[in-house]
Amino acid sequence: AMDFNRHGVPGCSINDTYEHFIDTWRDVTLTDSSFTSILTLKGTVTLNGNDYYAVADLDPVTGEVMLLDLNFPEHRNDEWDTIEGIELQTCSARLLAARLSLLDPPAYFNPPCVEWPKAHMAFFVFEDVPRTICWYKA
């Protein structure tokens, strides 16, 4: 299990460069959206022995990572990922928002995401369980 924080985790942070992701992720693809002109990097990253599907959006001019998404693996032997100590896969969306608000308000459920604006984070929710953690630049 991983304990994520508002900065990411060592080896996979929104402050890393896309070159770092290309070097450390597996099965990496880079796509260019002609509609938004945003470059999107996709791949698999292994953290603490578990594989996460990862997506990074890059600024087309500077190449800077603007958004980083990690998709949680399925349930593994009662090992749950956490965000600053809060279990993610055992929380409902509203409970996660309430617990994040206790750490650094506000946090709120705005379907399909739990938004935590001061931390520049969001959590995509599927069937009332957080499935993806997202960091973004202001």
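# Two sheets, one helix and some cysteines

Reader: What is the strand order in the three-strand open sheet, and how is it paired?

Author: The order is β1-β8-β9, and the pairing is mixed. β1 (3–4) and β9 are the edge strands with a single partner strand each, so one side of each has no neighbour in the sheet. Strands here are DSSP runs (E, at least two residues), helices are runs of H or I of at least four residues, and both are numbered from the N terminus. Two strands pair if DSSP finds at least two bridges between them.

Reader: What sort of model is this?

Author: This is a predicted model, where local features need pLDDT of at least 70 and side-chain atom pairs count only at pLDDT 80 or more, while totals for chains, interfaces and linings use all residues. Residues are numbered from 1 along each chain as its sequence is written, and side-chain values use heavy atoms, with hydrogens and water left out.

Reader: Back to the sheet. Do β1 and β8 run parallel or antiparallel?

Author: Parallel, joined by two bridges. Phe 4 has Ile 83 as its bridge partner in β8.

Reader: Which strand holds Thr 82?

Author: Thr 82 lies in β8, which spans residues 82–83.

Reader: Buried or exposed?

Author: Thr 82 counts as buried because its relative accessibility is 13%. The cut-offs are under 20% relative accessible area for buried, over 50% for exposed and partly exposed in between, with a 1.4 Å probe and protein chains only.

Reader: What does Thr 82 touch?

Author: Leaving out residues up to four places away in sequence, Thr 82 touches Met 2, Asp 3, Phe 4, Glu 87 and Leu 88. Contact means heavy atoms within 4.5 Å. With Asp 3 there is also a side-chain polar contact of 2.6 Å. A polar contact is a pair of N or O atoms within 3.5 Å; within protein, one must be able to donate a hydrogen and the other to accept it, and residues adjacent in sequence count only if both atoms are side-chain atoms.

Reader: Now the eight-strand sheet. What is the order there?

Author: This open sheet runs β4-β5-β6-β7-β13-β12-β11-β10, with antiparallel pairing. Its edge strands, β4 (26–32) and β10 (108–110), each pair on one side only. From one strand to the next the twist averages 25°. Angles run from 0 to 180 degrees between N-to-C directions, and axes are lines fitted to C-alpha atoms, for helices over the stretch in contact.

Reader: How many bridges join β6 to β7?

Author: Six, between β6 (residues 50–58) and β7 (residues 65–71). Leu 58 stands opposite Val 65 in β7. The hairpin has six residues between the strands, and Gly 63 takes a positive phi near 80° there.

Reader: And how many between β7 and β13?

Author: Five, again in the antiparallel sense. Leu 68 has Trp 135 as its bridge partner in β13.

Reader: Where does helix α2 lie?

Author: Helix α2 (residues 93–103) lies across β10, β11, β12 (121–126) and β13 (129–136), at about 5° to β11.

Reader: Which residues of α2 are buried?

Author: Ala 93, Leu 96, Ala 97 and Leu 100. They sit on the same side of α2, because they cover an arc of only 100° around the axis. That arc is taken from the directions from the helix axis to the C-beta atoms. Arg 94 and Leu 102 are exposed on the other side of α2.

Reader: What covers the buried residues of α2?

Author: The cover includes β8, β9 (86–87), β10, β11, β12 and β13.

Reader: Changing topic. How many disulfides does the structure hold?

Author: Zero. A disulfide would be a pair of cysteine sulfur atoms within 2.5 Å. For Cys 91, the nearest cysteine sulfur is that of Cys 113, 16 Å away.

Reader: Why is Cys 134 not bonded to Cys 113?

Author: Cys 113 has the closest cysteine sulfur to that of Cys 134, but the distance is 7.7 Å, too far for a bond. Cys 134 is buried, with a relative accessible area of 10%.

Reader: What does Ala 122 touch?

Author: Cys 134 is one of its contacts, and the others are Val 114, Glu 115, Thr 132, Ile 133 and Tyr 136, not counting residues up to four places away in sequence. Ala 122 is in β12 and is buried, at 9% relative accessible area.
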